[in-house]
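User: I would like to learn how to read contacts, burial and strand pairing from a set of coordinates. Could you take me through one example, with the general idea before each case?

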Amino acid sequence: MNKFIQCKMCEGHYVIRDGKYGIFAGCSHYPVCKSTLKIPELVYEFIRKYGVNIYQWQKQCWKCQQETPVYSYYLYYELSELDPIFSVLHGIGVGDISSIDRLLSLNVPTVKMKYSKTLNEHYMANVCLHCGAIQGHNYVVTDPHEIINSLCIIMI
């Protein structure tokens with residue numbers, strides 16, 4: 001069943017539209033109802049209503065070779081239930097949405113703000129439980145279909 005965000009002005013729901021000023025969410029009862037939301041507002045309402053699944057799996061650390069837990073979210077999977085246009089957003093995970101990253105780092109000791117010499121910047125990343133090595137974007141799966149049998153959803 002598809003998820004939806006209820007219109008704030010009527011009994012309709014928001015759908016993605018492309019207008020002269022770009023992509024936005026408009027009421028399904030247009031032209032009777034002209035309620036709109038910007039895409040970030042739609043995403044916020046989606047998260048507020050449905051939450052975000054946090055996935056955890058085990059992987060071998062690239063540096064010390066020991067098994068370590070890795071956590072991420074794949075918001076585009078949930079958002080694609082609003083509209084298929086969101087399915088093109090592959091790769092949205094740890095390090096991409098600061099408010100979710102902060103919440104995750106407060107609850108998971110192996111998700112930390114780290115500095116990457118490769119990227120030459122600070123970003124939120126998974127670190128190895130044993131040696132502290134960054135298990136960053138270069139080492140973490142960006143599409144959970146690759147590890148679907150290993151995933152479990154945790155609630156924070």
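Analyst: Let us start with one residue and its contacts, where contact means heavy atoms within 4.5 Å. Leaving aside neighbours within four places in sequence, Cys 64 is in contact with Cys 128, His 130 and Cys 131. This is a predicted model, in which local features need pLDDT of at least 70 and side-chain atom pairs count only at pLDDT 80 or more, while totals for chains, interfaces and linings use all residues. Residues are numbered from 1 along each chain as its sequence is written, and side-chain values use heavy atoms, with hydrogens and water left out.

User: How far apart are Cys 64 and His 130 in sequence and in space?

Analyst: The two are 66 residues apart in sequence, and their C-alpha atoms are 7.7 Å apart in space. For the chain, taking contacts between residues at least 6 apart in sequence, 43% join residues at least 24 apart.

User: Where is Cys 64 found, and is Cys 64 buried or exposed?

Analyst: Helices (H or I, at least four residues) and strands (E, at least two) are DSSP runs, numbered from the N terminus. Cys 64 is found in the loop between strand S4 (54–60) and strand S5 (67–72). As for burial, buried means under 20% relative accessible area, exposed over 50%, and partly exposed in between, with a 1.4 Å probe and protein chains only. Cys 64, with a relative accessible area of 24%, is partly exposed. Of the 156 residues of the chain, 39% count as buried.

User: Which elements make up the chain, and in what order do they run?

Analyst: The chain has 3 helices and 8 strands, running β-β-β-α-β-β-α-α-β-β-β from the N terminus on.

User: How should I read the pairing of strands S1, S2 and S3?

Analyst: Strands of a sheet pair through backbone hydrogen bonds, either parallel or antiparallel. By the criterion used here, two strands pair if DSSP finds at least two bridges between them. In this model 3 strands form an open sheet in the order S1-S2-S3, with antiparallel pairing. Its edge strands, each pairing on one side only, are S1 (14–19) and S3 (36–37). S1 and S2 are joined by 6 bridges and form a hairpin with 2 residues between them; within this pair, Asp 18 stands opposite Ile 23 in S2. Strand S2 (residues 22–27) is joined to S3 by 2 bridges, and the bridge partner of Ala 25 in S3 is Leu 37.
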